[in-house]
Amino acid sequence: LKKKKEMGVLPHKKDSTYTFQILQGVDDSGLSASYTDSSDDETSPRDKQQKNSKGSSDFCVKNIKQAEFGRREIEIAEQEMPALMALRKRAQGEKPLAGAKIVGCTHITAQTAVLMETLSALGAQCRWAACNIYSTLNEVAAALAESGFPVFAWKGESEDDFWWCIDRCVNVEGWQPNMILDDGGDLTHWIYKKYPNMFKKIKGIVEESVTGVHRLYQLSKAGKLCVPAMNVNDSVTKQKFDNLYCCRESILDGLKRTTDMMFGGKQVVVCGYGEVGKGCCAALKAMGSIVYVTEIDPICALQACMDGFRLVKLNEVIRQVDIVITCTGNKNVVTREHLDRMKNSCIVCNMGHSNTEIDVASLRTPELTWERVRSQVDHVIWPDGKRIVLLAEGRLLNLSCSTVPTFVLSITATTQALALIELYNAPEGRYKQDVYLLPKKMDEYVASLHLPTFDAHLTELTDEQAKYLGLNKNGPFKPNYYR
C-alpha cells in the first residue's frame, strides 16, 4: 500500500472489491485535485496569506503547497531544453547577468521556469507576472515561489488581477528593474503609464510577440521609446521554429483536447498565412481537412496558393466552414457579422497572441446565451437555437487549452536569454533608443546548441570554399536581411 501511495495509485474500496484510482494529485482533504484548475478553491490568491519554506511571502500564487508537483514538471521540461542547460553549464565560472534585475511578463509554464532559473544561474534577480490569464500552471508558479522567485500569477485571473500582478512585480520598495522581458507589451505599457521614471535605469527591453513588437515600433515611430529594445519575435530561430513548427503541432492538440473533434473532411478557414498560419494549415491539411486561407499580404497570399490552399475572403466561406482560426495579430478579424452568419456548431478560436482578433465583446449581449461546456469551452447560443463553440474566450488557443512542445520553447527561451545578455552587457552607444533584431551570429548559435540532441553533425567550410563565398568559416552564414 505504501508503495502504491508513493506511485500515486491509491486503493478505492467499492462494493467489497478494490479498484485503483490514478489521481492527478491530492489536496488537503485527500480528494483528487487538478493543479491548474482555478475552480477548486474560490478564495482569491490575493486574499491568502502564504509563505514558502524559507518564510518569504513575496509572491502570490494559487497554492504554495503544490510546489513539489511543479518541481517535477520543471525537471521534465529540463530534459527537452538542452540549450538552456548548456548555457547554465558554460556560465558556471562567469555570470554574464550579474547585477541584472529582470522584470518579466510571459506565460508561466514549466518551460518559462527553466528560463527563469537559467537567468538566475547566470547571475540575474527576477520578478515575474503572467502575460495570459489562462496559461499559468499553478503548480509551476508554486514551485518558483518555493524556490524564492517573486512570482505573481495564477490560472483564471480577472483583468483587475492581471494588472495587480504586474504592478506587484514592478512597484516594490528597494528593488528597481534594469531589464524587461515582455510577451505582448503589457508590462512595458504599464511601466510607461505608471512609472515612466524607471526607464532611467532600464538598459533594455526584450519583446517576444508580434503584438508587443508592433507596440514597440509604434513607440519608436512616435519618438517615445526611451531605451533600446530587442525584437526576438522576428529573429530567425523564433519565426522559423516557435511560430511555425510549434503551431503545426499545438493547433491539433488544442482543438482535440477542447472539442474531441475529427479533422478529416472538415472545412477550415485560417485567417493569416504568416509563420503561425503556415504551421496551422500544414497540420490541418495533413489530417485531411479542406483548408481555406485569408490574407492581406500578396506575398503570403501567393505562398498559400503555391502550397495548395484556396485564397478567399472570409465572408465568401463563413456560412460553410466548420472551424475558424485567426492567426493575424490584428483586431476584429472575425466580427459580429461573421459570427451571426456562421453555421450551427462552428468552432471559433485564435492562434494569434492578442485576444482582439475575434470580436468576443460583441457576443456579450442580452439576446445571446453563454453556456460553459468545460474549461475554456463555451457555447454561445442565438435566439433561433444556433450555437457556436468558442474556445478560450478568444484568447491564445494552444497556451490556454493545451501545451506547447518543450523543445520548441527551448529555442525561443535561449533566444530570449541571449538577447538579455547582449543588451545588458552592450557598451554604451552600441544600441540607441530603437528596436533591433537579434544579431544573426546569435541566431546561429541558438540553433547550434540544439543540434547535439539529434546527433547532428555540421559540415565545415574549407578555407577555399569560405573565400569563394566571401564568408567567415565560423559564420554568420547568411546576411542580416536574409529571411
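E295 sits in the loop that links β10 (290-294) to α11 (298-306). In this predicted model, E295 comes out as partly exposed, at 23% relative accessibility. Once its neighbours within four places in sequence are set aside, E295 is in contact with G272, Y273, G274, C300, A301 and L311. One of these contacts, G274, turns up again in the UniProt record: an unreviewed entry there lists G274, E275, V276, G277, K278, G279, E295 and N398 under "binding site".

So what about G277, another residue on that UniProt list? G277 belongs to helix α10, which covers residues 275-286. With a relative accessible area of 0%, G277 is buried. Leaving out residues up to four places away in sequence, G277 touches V270, G272 and C327. G272 therefore shows up among the contacts of G277 and also among those of E295.

Next comes the sheet. How are its eight strands ordered? They run β11-β10-β9-β12-β13-β16-β15-β14, in an open sheet with mixed pairing. β11 (310-311) and β14 (369-374) stand at the edges with a single partner strand each, so one side of each has no neighbour in the sheet. Further in, strand β12 (residues 323-326) and strand β13 (residues 346-350) run parallel and are joined by four bridges. Looking at a particular pair, V324 has V348 as its bridge partner in β13. As a bit of background, strands of a sheet pair through backbone hydrogen bonds, and they can do so in a parallel or an antiparallel way.

A few spots have backbone angles worth a look. The loop between β16 (387-391) and α14 (397-401) holds A392, and E393 lies in the loop between β16 and α14 as well. A392 is not a glycine, yet its phi is positive, at about 55°. E393 is not a glycine either, and its phi is also positive, at about 50°. Are these residues buried or exposed, or somewhere in between? A392 is buried, with a relative accessible area of 0%, whereas E393 is partly exposed, with a relative accessible area of 21%. The cut-off for buried is under 20%, so the 21% of E393 puts it in the partly exposed class.

Another backbone feature appears further along the chain. The peptide bond from G475 to P476 is cis, with omega near -5°. P476 itself is found in the segment after α17 (463-469).

Then there is a charged residue tucked away inside. D167 is part of helix α6, which spans residues 159-170. Which side chain of opposite charge is nearest to D167? That is K194, 6.6 Å away, and D167 is buried yet has no salt bridge. A salt bridge needs the two charged groups within 4 Å, so K194 at 6.6 Å does not make one with D167. As for its other surroundings, D167 is in contact with W190 and Y195, not counting neighbours within four places in sequence.

Finally, a word on confidence. The mean pLDDT of the protein is 89, and 91% of its residues reach 70 or more. Where does pLDDT stay under 50? That happens over residues 3-39, and for this stretch the model has 50 contacts beyond four places in sequence.

Methods. Residues are numbered from 1 along each chain as its sequence is written. This is a predicted model: local features need pLDDT of at least 70, side-chain atom pairs count only at pLDDT 80 or more; totals for chains, interfaces and linings use all residues. Side-chain values use heavy atoms; hydrogens and water are left out. Helices (H or I, at least four residues) and strands (E, at least two) are DSSP runs, numbered from the N terminus. Buried means under 20% relative accessible area, exposed over 50%, partly exposed in between (1.4 Å probe, protein chains only). Lys and Arg count as positive and Asp and Glu as negative; His and the chain ends are not counted. Contact means heavy atoms within 4.5 Å. Two strands pair if DSSP finds at least two bridges between them. pLDDT is the predictor's confidence in each residue, from 0 to 100. UniProt positions are given in the numbering used here, feature names are shortened, and annotations may be inferred rather than shown by experiment.
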